[in-house]
Each structure stands twice: as structure tokens, then as C-alpha cells.
Amino acid sequence: MARAADDRPRLTPWPTFRDEVGPLLVEFGLPNAKATPEYPFWHLQGSGLWEVQGIPAELAKRAPSVGIFNEHHPQAGFTAETADLLCDPVTRLEAITTICETYLGDIDRQALFSRISLSGYTTSGGLLTPWVEETGGADTDEYGRSVGPAPRHEVTGSVIVRDEALARRVKELEEGRCQVCDTALRYLNRPYSEAAHIRGLGSPHHGPDELQNLLCLCANCHVLFDGLEIYVDTEGLVRGTRGDRAPRPLRRAPGHPIDEAHVAYHRDLCNLNAQ
């Protein structure tokens, strides 16, 4: 699923699978269990969602040995149909949530996600990965103390282009007040609020930049919302993910449509990360 989120090929060569999955089985598997990546590599075919290519038919009548895998270099991964389904961020989140709830209830999910390139699922905003090149550091004096300006980095990467008119529109509709706590902030003698995307624009969420996917929040609630500390339940009440907040209604101004599918996606992310 991490490969699907990263748009990598659906099939993984056996040596790569062995070297990547083996350590994960040791770190996140049952205590004192052996690392046997050959078992999921082959037996996931029983799900009907997985396939193995590259093993001669006469050797595939029963589970091949590791030696056969090493000799024939097969590839395994989701079937083409399953891989296509997992390209959809909503379907992928549902699948990840189901697996975590069914099999990984006692696992540190954030640690696991960071190991398998699914860190984007630990926030609602998603991730952007810039390329950073060191262009110079600050000068130092004879005692090693920094003098002059702070060091700079050259950063190259894709940047999501947000519609600033939409951000202004949601703030106007909500009169600059936070939809969660009803706070109206001022900064530099002007009203200050933030347009928050419900389903993040970054990878792996790839939410749309549209009014139906925006909330007007104060800076504090924006951080809590993106950090999956608060969510909107099916009754329209804002709750704490850890049950440590009194519920309160999400204020919705007339003329501000909100797509419930985006709200449900964010809620599922919070449930995935609540342990």
C-alpha cells in the first residue's frame, strides 16, 4: 500500500521484498518470532488480491522454498485490479484502517508508518518532499560562535498551488471566526483566521482545493485539526480524538457548503491514529 501511495510499481522483486519486509517482521512482529518474509510473499495469494509471477508452473504446485525464490527471482504484489483500486486515496485509507484494526491493534502505528513511507497518514495535511541542497553556513569567529546571517538551503520540489480566492471566501462566509472554538483573532490590527483543508492537498490524501473542503479556523484549532487531535463526528460535533474534550457543534455559516465525504475521510484518519 505504501508503494501504491508513492506511485511505485505494484510488483516487488523477491530480493527487495525479503530485505524490506524481513526487518519489519522482526521489529513489529510477535516477540521472538523468526523473520519469514517468504510466507507473506507466497501465501498472500490466498486472499485473491495478490499474485506471484516468475515461478515455473511445475514448482508452484506447493509453496516453493527460499532457494527456489533466490534462483528464479520472482515478483509479487497486488493484482492489477486491486492495485487500481488502491490508487484511490479514499479506498486506500479504508484498506489501511481495516488492516490496522484487524491485525495491528497493539502496534505503534506511527513508528510503522514512518518505516514504510506512510508518514503522510499521521497528519491530515499530508507531506511534501523537497530536495535540500546546502549552499553555505554562517561564518564563525575565533571562538566558534556564529556571526553574520543564519545559513541558507536551496530547496527544490513540487509546490501545491492553492486558490487564494477560495481561502478569502471561506473567511468571509465565517466572518473570520473559528468554526470550532468561535474565536475571532486579530493580528497587526486586522482580523486573522486560517483556511484549513479538511482532506489535505498533500500526498497521500490528494484532496481537492474547493470551498466544500475548507474550514475557517484559528491557528490553534488548525494545528489540532491537522494533527488529528480533533475531528467532526457524524452528528456535526467537534470531539477530541482521545476523548479529552467536551463536544461542541461545528459552526456552519449559511452559504458555506461542506462535503461530508471529506469530513468522513478526516474522521477515518483520526480513528486510524487513535490508540
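In this predicted model, His 205 is buried, with a relative accessible area of 0%. The residue is situated in the loop that runs between strand E10 (194-197) and strand E11 (214-217). The side chain of His 205 engages the side chain of Tyr 265 in a polar contact of 2.8 Å. When neighbours within four places in sequence are set aside, the residues in contact with His 205 include Pro 89, Gly 120, Tyr 121, Thr 123, Ser 124, Gly 125 and Gly 126, and Arg 199, Gly 200, Tyr 265 and Leu 269 are also among them. The loop between E10 and E11 also holds Pro 204, and the peptide bond that joins Ser 203 to Pro 204 is cis, with an omega of about 10 degrees. Most peptide bonds are trans.

A second histidine, His 197, belongs to strand E10. His 197 counts as buried because its relative accessibility is 12%, and the threshold for that class is under 20%. The side chain of His 197 makes a polar contact with the side chain of Asp 209, at 2.8 Å. Residues up to four places away in sequence not being counted, His 197 touches Arg 162, Pro 208, Asp 209, Asn 213, Leu 214, Phe 225 and Asp 226.

At the level of the whole chain, the secondary structure amounts to ten helices and 14 strands. Of the 275 residues in the chain, 36% are buried. Among contacts with a sequence separation of 6 or more, 62% are made by residues that lie 24 or more positions apart. The exposed surface of the chain comes to about 16,100 Å², of which carbon and sulfur atoms supply 52%.

Three of the strands build an open sheet in the order E12-E13-E14, with antiparallel pairing. Strand E12 (230-232) and strand E14 (248-249) stand at the edges, and each has a single partner strand, so that one side of each is left without a neighbour in the sheet. The pairing of E12 with E13 is antiparallel and extends over three bridges, and within it Ile 230 stands opposite Gly 240 in E13. In the hairpin formed by these strands, four residues lie between E12 and E13, and Gly 236 adopts a positive phi near 85 degrees. On the other side of the sheet order, E13 (residues 237-240) pairs with E14, again in the antiparallel sense, over two bridges. Here Val 238 is placed opposite Arg 248 in E14, while Leu 237 is placed opposite Pro 249 in E14. The two faces of E13 can be told apart by their cover, since Val 238 and Gly 240 make up a covered face, whereas Leu 237 and Arg 239 make up an uncovered one.The second largest pocket holds about 230 Å³ of space. Its lining consists of Lys 171, Glu 175, Gly 176, Tyr 187, Leu 188, Arg 190, Pro 191, Tyr 192 and Ser 193. Strand E9 (residues 190-192) contributes the largest share of this lining, namely three residues.

Two residues are notable for their backbone geometry. Most residues other than glycine have a negative phi. His 73, which is not a glycine, nevertheless has a positive phi of about 50 degrees, and the residue is found in the loop between helix H4 (66-72) and strand E3 (75-78). Asp 182, likewise not a glycine, has a positive phi of about 70 degrees. The position of Asp 182 is in the loop between helix H8 (164-173) and strand E8 (185-187), where the residue is partly exposed, with a relative accessible area of 32%.

Asp 84, in turn, lies in helix H5 (residues 80-86) and is exposed, its relative accessible area being 57%. Although Asp 84 and Arg 10 are 74 residues apart in sequence, their C-alpha atoms are 9.4 Å apart in space.

How values were computed. Residues numbered from 1 in each chain as written. Predicted model: local features only at pLDDT ≥ 70, side-chain atom pairs only at ≥ 80, totals over all residues. Heavy atoms only, no water. Pairing = 2+ DSSP bridges. Buried < 20%, exposed > 50% of the residue type's maximum accessible area, 1.4 Å probe, protein only. Polar contact = N/O pair within 3.5 Å; in protein donor to acceptor, adjacent residues only side chain to side chain. Contact = heavy atoms within 4.5 Å. Areas by Shrake-Rupley, 256 points an atom, 1.4 Å probe, with all protein chains shown as cover. 1 Å grid on protein atoms, 1.4 Å probe; cavity = no way out; pocket = protein on both sides within 12 Å on 5 of 7 lines; lining within 4 Å. Points joined across faces, edges and corners; volume = space filled by probe spheres on them.
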